[in-house]
Amino acid sequence: MKRKSVGKKQTKRSRAKRRIVVLGAALSGPAAAARARETDARADIVLIGRAKAVSYSVGGLPYRLSGEVDGIGGLEPEKAKFFRDVYRIDVRTGATVTAIDPDAKRVITDAGKFRYDALIYALGARSVWPEVDGLRDSTNVSTLRDLADLKKIERSLDKGTGRVVILGGGFYGVEAADCLSRAGRLVTLIERGDRLLPDFSGAAAYRAEYALRAAGVDVRLGADLVSVRKKGKRIQGVELSSGSKIATELVLVTAGVAPRTELLKAAGGKLHPNGAAKIDARCQTTLPDVYATSIAVAHKHAVTGKATWTGQAADADKSAQVAGENAAGGDVRLGPTLGTAIVRAGVLTLARTGHLDPDAQVTTVSGRSKDPFFPSHGPLTVSLYSNDAGRLVGAEVVGTDGVDKRVDVLATAILGKLKVAQLADLDLAYSPPFGTVRDVVNAAARVASRGNEPIRPWTAQQLEVPPDGVLVVDVRSAADRSEGFTASHHIQQKVLLMPLAKVGDRIKDLRGHKHVVFVCDSGREAYLAARLALSARIKNPGYLAGGLRLFGPELHR
């Protein structure tokens, strides 16, 4: 968030109080209202919310279902009374906005009309529902977007609900499936696409699916909901396009969200094709004195420069700070976004940041979150996306521990416009309980900075059914193979066993093949084997980037 210097003319204020109206009281609205008060102590500020709750954590809702959050109260850090007493904000809950009149500068609600000098639009997003007869009007169907939803779901679970169907395999669906499975519910996750988590790479989505299945979640991909079976107003089962019929006691709709910008559009405000509000760097819409924030707006992407809708709470909060200050007479600018996101799926945590450009050079390396002799160490896989100039433009991290730390480092590196060669030399903290001497971020960057060497990295998907002429060689020792993943379970052809120490002695066994691909648990030994093969003039040596760990979730060992 950048501030511009304010000249003398801009510091002169009318003695009349500025009236600021804020629409939306979930998260961004209260944050913007509080920032407006901090900027203008004299302003008359009104916060209007449809629900009774004020300033609650939407992102925390699933974790109440898993039992990790103790009580709904913890999800409401600041209640309406706090904003009234501390910030002197006029909070109006239970009020629905019906129209905005930009010419008269007023908001029309079912609780009356409110004049404004500046308006902050923070109505967030609405849930996307499948168009299936009988779904919406069922009493045991809910979204998971507010505290009222949470209370409804908890009442159902308290009555003994054991079977839950979740519709949608994006962030919200994966979070809900993960949390409910931890609570011991029988969960079926239905996704109409051919993969989970569309904002992640195919490899990461594959691992998330595998991890959820290992946690007991029944994942159904490429499946459309076509009908529901009801008794009275309750759904007792659902039918899929595949013909499968699934019994259930509760249905959660997590099929995604869309910006709730209908009122803004009706007032003449311009939107992007995806429905997100168009704003400038000051978070001002195309309507005079109307600012917009929350996940109703699109942000400029730091890598592509394009307007991007992320749906991330962190982006919503940043825009709330800018909108609130500017609505109160300030002059600050919104910085670009990277769409950084993190989600948990069973034993795995997955995170991404920046632009996962399919045309970029992708380098994948596996390592450990801590020194292997430390009992709580976990596996980590880092994928770096770099452009032709060697600059880092995107990254993905998957593992059981330390994912958040690495993705935050990589997000900072992208904003700092670092090249992978610089990232390789980044001085990261080391002590056995916290990391390794050569962090996996440094290691991945070192490999990426080698440029276009004639050693090809292969993905897990490419090796599941290798093309003709490919020899797959497992270079792990017998002991490592007994403790690690069994390559033959995932690769649909015979795998040659050749420990790394024997590669130099058995070069002749590698000749005569179109491609030779070495595999190991992490990818490190396989890469070394590929270099040995290259030095012995083996044609087209390669390695499984990221190692056999890419084939599924890993437990600590």
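In this predicted model, a search of the whole structure identified 26 salt bridges. One of them joins the side chains of D44 and R19, with a nitrogen-to-oxygen distance of 2.5 Å. This pair links distant parts of the chain, since D44 belongs to strand β3 (residues 44-48) and R19 to strand β2 (residues 19-23), 25 residues apart. The two partners fall into separate accessibility classes: D44 is partly exposed, at 29% relative accessibility, whereas R19, at 16%, falls under the 20% limit and therefore counts as buried.

A salt bridge was also found between the side chains of D85 and K81, at 2.6 Å from N to O. Here both residues are part of helix α4 (residues 80-85), where a spacing of four residues corresponds to about one turn of the helix. D85 has a relative accessibility of 48% and counts as partly exposed. K81 has a relative accessible area of 58% and is exposed.

The side chains of R344 and D178 form a further salt bridge, with an N to O distance of 2.8 Å. R344 is located in strand β23 (residues 341-345) and D178 in helix α6 (residues 171-182), so this pair ties together parts of the chain that are 166 residues apart in sequence. D178 is buried, at 1% relative accessibility. The contact between R344 and D178 does not stand alone: E68, D178, R182 and R344 are joined into one network by salt bridges that share partners.

The nonpolar interior was examined next. The largest nonpolar core holds 50 residues, and within this core I20, V21 and L23 touch the most other members. Helix α2 (residues 28-39) supplies the largest share of the core, with five residues. A second core, separate from the largest one, consists of 45 residues, among them V365, V397, A445 and A529. Apart from residues up to four places away in sequence, I20 is in contact with A36, A43, D44, I45, V46, A118, I120, A327 and A328. The contacts of I20 thus include D44, the residue that is joined to R19 by a salt bridge. I20 itself belongs to the span of strand β2, residues 19-23, and D44 to strand β3.

Strand β12 (residues 186-191) has five buried residues out of six, and is therefore largely enclosed by the rest of the structure. Strand β11 (residues 163-167) pairs with β12 in the parallel sense, over five bridges. Within this pairing, T188 in β12 is the bridge partner of V165.

Backbone geometry was considered at two loop positions. Most residues other than glycine have a negative phi. S294, which is not a glycine, has a positive phi near 70°. S294 is placed in the loop between β19 (290-292) and β20 (299-300), and is buried, with a relative accessible area of 5%. K417 likewise has a positive phi, near 55°, and is a residue other than glycine. The position of K417 is in the loop between α10 (403-415) and α11 (420-424). In contrast to the buried S294, K417 is exposed, at 56% relative accessibility.

On the surface, F373, Y430 and V437 make up a nonpolar patch whose accessible area is about 360 Å² together. F373 is found in the loop between β25 (361-368) and β26 (379-386). With a relative accessibility of 63%, F373 is above the 50% limit and so counts as exposed.

Another loop residue, T436, makes contact with Y430 of this patch. T436 lies in the loop between α11 and α12 (440-448), and is buried, with a relative accessible area of 12%. Besides Y430, the contacts of T436 include R368, S369, K370 and D371, with residues up to four places away in sequence left out of the count. T436 and G367 are 69 residues apart along the chain, and their C-alpha atoms are separated by 8.9 Å. G367 and R368 fall within the span of strand β25, residues 361-368.

Key: Residues are numbered from 1 along each chain as its sequence is written. This is a predicted model: local features need pLDDT of at least 70, side-chain atom pairs count only at pLDDT 80 or more; totals for chains, interfaces and linings use all residues. Side-chain values use heavy atoms; hydrogens and water are left out. Patches are made of residues with over 30% relative accessible area and no salt bridge: like charges are joined within 9 Å, nonpolar side chains (Val, Leu, Ile, Met, Phe, Trp, Tyr) within 5 Å. Accessible areas come from the Shrake-Rupley method with a 1.4 Å probe; for residues, only the protein chains shown count as cover. A salt bridge is a side-chain nitrogen of Lys or Arg within 4 Å of a carboxyl oxygen of Asp or Glu. Buried means under 20% relative accessible area, exposed over 50%, partly exposed in between (1.4 Å probe, protein chains only). A nonpolar core is a set of buried Ala, Val, Leu, Ile, Met, Phe, Trp, Tyr and Cys residues joined through side-chain atoms within 4.5 Å. Contact means heavy atoms within 4.5 Å. Two strands pair if DSSP finds at least two bridges between them.
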